[in-house]
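Morning, everyone. I have one structure to walk through today. Please look at the screen.

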Amino acid sequence: MNFRWDKKYLYWGITAFLVVCGSICFYYLLFHSDNLRSGFFGLCSIIMPVVDGFVLAYLLAPVLNHIERRLLYPACTYITHTKQQDFSVKTKKRLRKVGILITLVFVSVILYCFFSVVIQQLVESIRSIIQQFPYYIHNLEMWILEVFDNNRDLEQLLGTLLDRYSSRLETWMTNDLLPQANSLLRMVSTGLIGNVIGLAKGLWNLLIGFIISIYLLDGKETFAGQGKKIIYSLFQTETANVFISNIRFIHKTFIGFVSGKIVDSIIIGIICYLGTNLMGTPYAVLISVIIGVTNIIPFFGPYMGAIPSAILILMVNPTQCLYFIIFIFVLQQFDGNILGPKILGDSTGLGSFWVIFSITLFGGLFGIIGMVIGVPVFAVFYAGIKAVTNHRLEEKKLPTSTGRYINVLSIAQGGAFIQYETAPGNADTKGKKAEQGESRLGFGDSWLLLKRKSKSRHLSSEEAAAKSKGEEDTKDKE
């Protein structure tokens, strides 16, 4: 008996095996998700130094490129009288190592200046706030009493509310808060120890990541070439070209937004320091640092920095608090309408609604980090959806401009756009009654009416074509 081998049985067996494996994986994912989650977080904690190294190298790469392009290569060309394209591989490696050294020294000097000047002022400001906090509370109480003296109705309303809720507050403190004081203290102490351990681990990961970033900067062209080689080996040439082009777009969007936002925030912090100094605002350095740091977060950042700063100034001098709020409002208008567009331009391509949406979504998922990177990440998704949509429209031979679809009622078979009908000023009564009748139709009736309209337009176009053809035949006969 001869056995004939058929590949379809092999394909069936592989398919069945994959189905069984997929079912097992789905079952494990559904009923043992906690183990998968703990394993995922454990893997993330292991590779966190590598992630820190990639982030540092990505942020330092533009500085390194600028130093090489503007300083090292021109200097080497001037000294050796050799063109840049004629540099040997050994010369380029030496210039790269010198460039990395200059980059690290430059960044270290910037950070040292920041910590030696700004942090010292911040520590003095915080120490002064702690020492004079009772005095600030006294000033706030006096200001509140003065407000109540001038508004007796408000004082009576507040007294009524205090009488109503003071007993409830006392009951809650006696029955709920005090019995749980020990557990609260235990939770606070445990959390404090955990935060200290987490901070030490984060600093250690940052140190390892800093070392990794040096190796990544030294061989960044090699890593990029290896990545391109893998992509071209896995995909067709056209698909690989599109994929690499998308990677370049992602890089341009991220580096443009992040670097531009950092520069914008530094300028806003400096302007805030100069303005608060001129107005005599207390703790100008501390407030300017808060405003500059929170300004990195789009849209919500200025408010997140202005509210605690205003409360701090209110405790010292309520009048200065009013001046500060007006100044911050003017400063943010300048940033949003003049400075921000000049620096960032249209680096994301998102409207105001999508910016708010992305910050809200990624901020809820990933916290402060999500609010910072949410806009460029969502901009990438937005650009991808836009590219796919435009590609599908081009396949159907339809326009890709959004303005063409704003007043569209429907699109005919031939691709003709049917716009919403606007009744002219001298329209007859019959047309107006027809429009009023259409406005009273339900969803299903409107759909039927739309089909009748498109059919009538199609018939009228056919009749016009037949009429013109008949006229042409008549002329030919004559």
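I will start with the overall numbers, then take the helix pairs, then some single residues.

First, a caution. This is a predicted model. Keep that in mind throughout.

Overall content. The protein has 14 helices and two strands. There are 478 residues, and buried ones make up 22% of them. The exposed surface comes to about 34900 Å². Carbon and sulfur atoms supply 67% of that area. Now the contacts. Take those in the protein with a separation of 6 or more. Residues 24 or more positions apart account for 61% of them.

On to helix packing. A quick reminder: two packed helices are described by the angle between their axes and the distance between the axes. I will give both for each pair.

Helix α8 is in every pair I will show. Helix α8 covers residues 237-279. Let me take its partners in chain order.

Start with α7, residues 220-234. The axes of α7 and α8 come within 8 Å. They cross at roughly 145°. The crossing is right-handed. Who meets whom? From α7 we have Lys228, Ile231 and Tyr232. From α8 we have Thr237, Ala240, Asn241, Phe243, Ile244 and Arg248. By class, this contact has five nonpolar, two polar and two charged residues. Lys228 on the α7 side and Arg248 on the α8 side are the charged ones, because Lys and Arg both count as charged.

Next is α9, residues 284-294. Here α8 and α9 pack at an angle of about 150°, with axes 8 Å apart. That makes α8 roughly antiparallel to α9. The cut-off matters here: angles over 145 degrees count as roughly antiparallel. The crossing of α8 and α9 is right-handed. On the α8 side, the contact uses Ser265, Ile268, Gly269, Cys272, Tyr273, Thr276 and Asn277. On the α9 side, look for Ala284, Val285, Ser288, Ile291 and Gly292. What is the class make-up of this contact? Six nonpolar residues, six polar and no charged ones.

Third partner: α11, residues 318-344. The angle between α8 and α11 is about 150°, and the axes are 10 Å apart. The two are therefore roughly antiparallel to each other. α8 passes α11 in a right-handed crossing. The class count for this contact is 16 nonpolar, seven polar and three charged residues.

Now stay at the end of α8 and go into the loop. Two residues between α8 and α9 deserve a look.

One is Thr281, in that loop. Is Thr281 buried or exposed? Buried: its relative accessibility is 6%, and the cut-off for buried is under 20%. What does Thr281 touch, leaving aside its neighbours within four places in sequence? Thr276, Ile287, Ile313 and Gln320. Thr276 is also one of the α8 residues that meet α9.

The other is Tyr283, in the loop between α8 and α9 as well. Its relative accessibility is 13%, so Tyr283 counts as buried. Now check the backbone. Phi of Tyr283 is near 55°. That is a positive value in a residue other than glycine. For context, most residues other than glycine have a negative phi.

There is another positive phi to show you. Go to His81, in the loop between α2 and α3. Phi of His81 is near 55° too, again in a residue other than glycine. What about the surroundings? His81 is exposed, with a relative accessible area of 72%. Tyr283, remember, is buried.

From that loop, move into α3, residues 89-131. Thr103 lies in this helix. Its relative accessibility is 1%, so Thr103 counts as buried. Not counting residues up to four places away in sequence, Thr103 touches Leu60, Val63, Leu64 and Ile67. Helix α2 runs over 33-80, for anyone placing those four on the screen.

Last stop: Gly336, back in α11. Gly336 is partly exposed, at 49% relative accessibility. Now find Pro298. Pro298 and Gly336 are 38 residues apart along the chain. Their C-alpha atoms are separated by 9.8 Å.

That is my tour. Questions, please.

Key
Residues are numbered from 1 along each chain as its sequence is written. This is a predicted model: local features need pLDDT of at least 70, side-chain atom pairs count only at pLDDT 80 or more; totals for chains, interfaces and linings use all residues. Side-chain values use heavy atoms; hydrogens and water are left out. Buried means under 20% relative accessible area, exposed over 50%, partly exposed in between (1.4 Å probe, protein chains only). Contact means heavy atoms within 4.5 Å. Accessible areas come from the Shrake-Rupley method with a 1.4 Å probe; for residues, only the protein chains shown count as cover. Axes are lines fitted to C-alpha atoms, for helices over the stretch in contact, and angles run from 0 to 180 degrees between N-to-C directions. Angles under 35 degrees count as roughly parallel, over 145 as roughly antiparallel, 65 to 115 as roughly perpendicular and the rest as oblique. A crossing is left-handed if the near helix is turned anticlockwise from the far one by less than a right angle, and right-handed if clockwise.
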